[in-house]
Amino acid sequence: MRDVGAGRWRRIAGRIGQSVAVWAVSTVTMLVLAGILPDFQIRTGDGDSATRIAVTAAIGAGAFGLLSALAWPVLVRLLLLVPALVLGLLVFFLNGALLLVALRLTPADRPEAAPETAVVVAAVMSAVASATGAALAVRDDDAYRRRLYRLADRRGTARPFDGPTMPGVLFLQLDGVGHDILVRAVEKGLMPTVASWLGVPHGPGVTGRATHCLTPWRTDWSSQTGASQLGILHGTNHDIPAFRWYEKDNREVMVCNRPASAAELQRRAVERTGDGGLLTVDGASRGNLFSGGADEQALVLSIAVRRRGRENRSRAGYFAYFSDPANAVRTALSFFAEVGREIGQSTVARMRKRRPRVARGGLYPFIRAFATVVERDVVVAAVMGDMLAGRTAVYADLVAYDEVAHHSGPHSRDTEKVLQRLDRSLALIANVAEHAPRPYRIVLLSDHGQSPGETFLGRYGLTLGDLVRAGCGLPVPRKAQRTHSGAEARAAVRAALRRPVEETGGQHVPTGRRSEPLVLASGNLGLISFPDVPHRMTKEEIDARHPALLTTLANHPGVGFVLVRSEEHGGVVLGAHGAELPVDDLDDELPGPLADFGPGAGDAVRRTHSFPHTADIMVNSWYDPAEGEVLAFEEQIGSHGGLGGAQGRPFLLAPLALSAAVEEGAELVGAEHIHRVLRRWLRECNGPQVPLEVPGDPSDQRAA
């Protein structure tokens, strides 16, 4: 007992010593800034002696630190009502306001600091205090752990862990990073942490033994986060035909990253499987579209639709992170640095006339900075807190690469920089795992890749919606009319109808009896629906209504293939030059419209055809197997959502201590298969016993 008491007093003395050291450094920082900045002066009431000025600076630094500790958490609670993109700017102003208040508490007669100068001084002092605390703690395990708790908003002493000592599992999703992109990044030395896990030399004299195994897997037709993550976390992605689609029975457009849609999709998945998800027992979900059944959730989209209160924890992650003013300042500085970086990179791309290229102005620099800085910092801090709390299973999504690759391209220098920063986050998380109260198996995975290529609009001068309207004989914009594709479509309509189409100058002409087709894009996958028809239309019905539409789409050089329901065959895939193949006859070995799309394309199309909410017409863009390029129907030069290239080839990187994902020579196919593999690994670690059983699943039979 005496030893325990002595250890406790030593820890208290250590914390006091560190606090005094941070206070002293902050005082010196304030003095230096007062000497450098003309608009920031410290004057005492009895003169300008060095001793008096130093005492005044010490009091000001102490008051600023105390105000930050007491007032900042309250201010952050109020900031939760503010849009996230405005948060960075407010951080600086509020920090400056706290400094002005602190100066008023000093014994100086006239403490002088212009408001804009106070913002600078407060930012520098917070950053210096944060760096000093980290430097003092780095050699002391207990202090370092307390530092990590504070970063994750788990303040207080390092508490004892009385839970299980078997390994926990941390699933880290690098959104949009394909298998080949990861391999190339490791080979180029961009990701030394991942290289060390794979046993790849990543520096002069740096060698090691592999601790992880890398396995590629194949997505479903809908190669996007909504379908993949729902399948991974909840065991099913049934009836997710795309990133966005129209449901005729509900008369609603579903969008995977819309909170109401995400909540509904999660509800349907739980209802279908009868299980809460992968993280049901002692799990945490961070930065995901879906909860996975976790009790601990932060930045989870599917719960963002709920009313504010105890039930809504979607924005709690922001409070947990920004309640530390040093975190707020550091992230805010990085946020605006990233905004400047994006503006600079886009300007260089425009000046050098790089192709392909899409517009990157407006709010995009701020959206990118939020994804690459704010979301990353908040999620990483939450993951660190989860490990220090000893949670059994954690699933977190880092979206930085996916956001940048859409606009800069998956192979660009911009994305290489993002991969480097993500690797540093992985290194930090791996370091924290060494201080966790239980061992952790770190599993790295992605939900899809990205395929490069210019946009459909950029190559042909019209959108998929314009092409559909032309094929239906509806008016299109004058610019689209003048394109070669638009002229061909209108010629096809004239031939099919045996009469000229009226020119309307591109103006919308209401049809009265029939609604116009609704065209939605999900990367290089297009969905066409006719809202006034309550059922999924057949090829025969579409031909009777719009005789030239299917021919126009199938014969367009930017279209790879078209899927449509058929009265005669159940479903058919259409290609150029009259190619028509029943869905039941799709085979990877047979030539046809799907020949260029690789193994498994037929199975993926056949599965999507069976979904209740598949669109009347499904259009997959052209794909060049030699270059790996597709044509996005959205304004993205790195896209995913359909078939073709690297977008359908993500990766799974798992510790060798876990069983192999699949038998040698077998393939990992579909997000639902990934769910079963992750569930097996949780069982091997004696983690949550997810009750979902899949008869005949070979991965379950191999469970420990």
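C685 is buried in this predicted model, with a relative accessible area of 5%, and C256 is likewise buried, at 0%, where buried denotes under 20% relative accessible area, exposed over 50% and partly exposed the range in between, computed with a 1.4 Å probe and with protein chains only. The structure holds zero disulfides, a disulfide being counted as a pair of cysteine sulfur atoms within 2.5 Å. Residues are numbered from 1 along each chain as its sequence is written, and, the model being a predicted one, local features need pLDDT of at least 70 and side-chain atom pairs count only at pLDDT 80 or more, while totals for chains, interfaces and linings use all residues. Side-chain values use heavy atoms, with hydrogens and water left out.

Of the 704 residues of the chain, 55% count as buried. The chain exposes about 30,400 Å², of which carbon and sulfur atoms supply 55%, the accessible areas coming from the Shrake-Rupley method with a 1.4 Å probe, and only the protein chains shown counting as cover for residues. The chain has 23 helices and 22 strands, taken as DSSP runs (H or I of at least four residues for helices, E of at least two for strands) and numbered from the N terminus. Among contacts with a separation of 6 or more, 69% are accounted for by residues 24 or more positions apart, contact meaning heavy atoms within 4.5 Å.

Eight strands form an open sheet of mixed pairing, in the order β8-β7-β9-β3-β10-β21-β4-β22, two strands being treated as paired if DSSP finds at least two bridges between them. Strands β8 (296-298) and β22 (668-669) stand at the edges with a single partner strand each, so one side of each is left without a neighbour in the sheet. Within the sheet order, β3 is followed by β10, and β3 (residues 168-174) pairs with β10 (residues 440-445) in the parallel sense over six bridges; the bridge partner of F171 in β10 is V443.

F171 also belongs to the largest nonpolar core, which has 59 residues and in which F171, W221, V605, L652, L678 and W681 have the most contacts. Helix α22 (residues 671-684) gives the most to this core, with six residues. A nonpolar core is here a set of buried Ala, Val, Leu, Ile, Met, Phe, Trp, Tyr and Cys residues joined through side-chain atoms within 4.5 Å. When residues up to four places away in sequence are not counted, L678 touches F171, I232, L278, Y395 and L652. A second, separate core of 52 residues includes V374, M387, L419 and Y440.

The count of salt bridges comes to 28, each requiring a side-chain nitrogen of Lys or Arg within 4 Å of a carboxyl oxygen of Asp or Glu. R391 and D386 meet in one of these, at 3.4 Å from N to O, and both R391 and D386 are buried. E516 and R469 form another, at 2.6 Å from N to O; this pair links distant parts of the chain, 47 residues apart, with E516 in the loop between α18 (484-497) and β12 (518-522) and R469 in helix α16 (residues 464-471). R469 counts as buried, at 18% relative accessibility. In the salt bridge between R545 and D532, the closest N and O atoms are 2.9 Å apart; R545 lies in helix α19 (residues 539-545) and D532 in the loop between β13 (525-529) and α19, so the pair ties together parts that are 13 residues apart in sequence. R545 is buried, with a relative accessible area of 13%, whereas D532 counts as partly exposed, at 34% relative accessibility. Salt bridges that share partners also join E338, R341, E342, R360, R368, D414 and R421 into one network.
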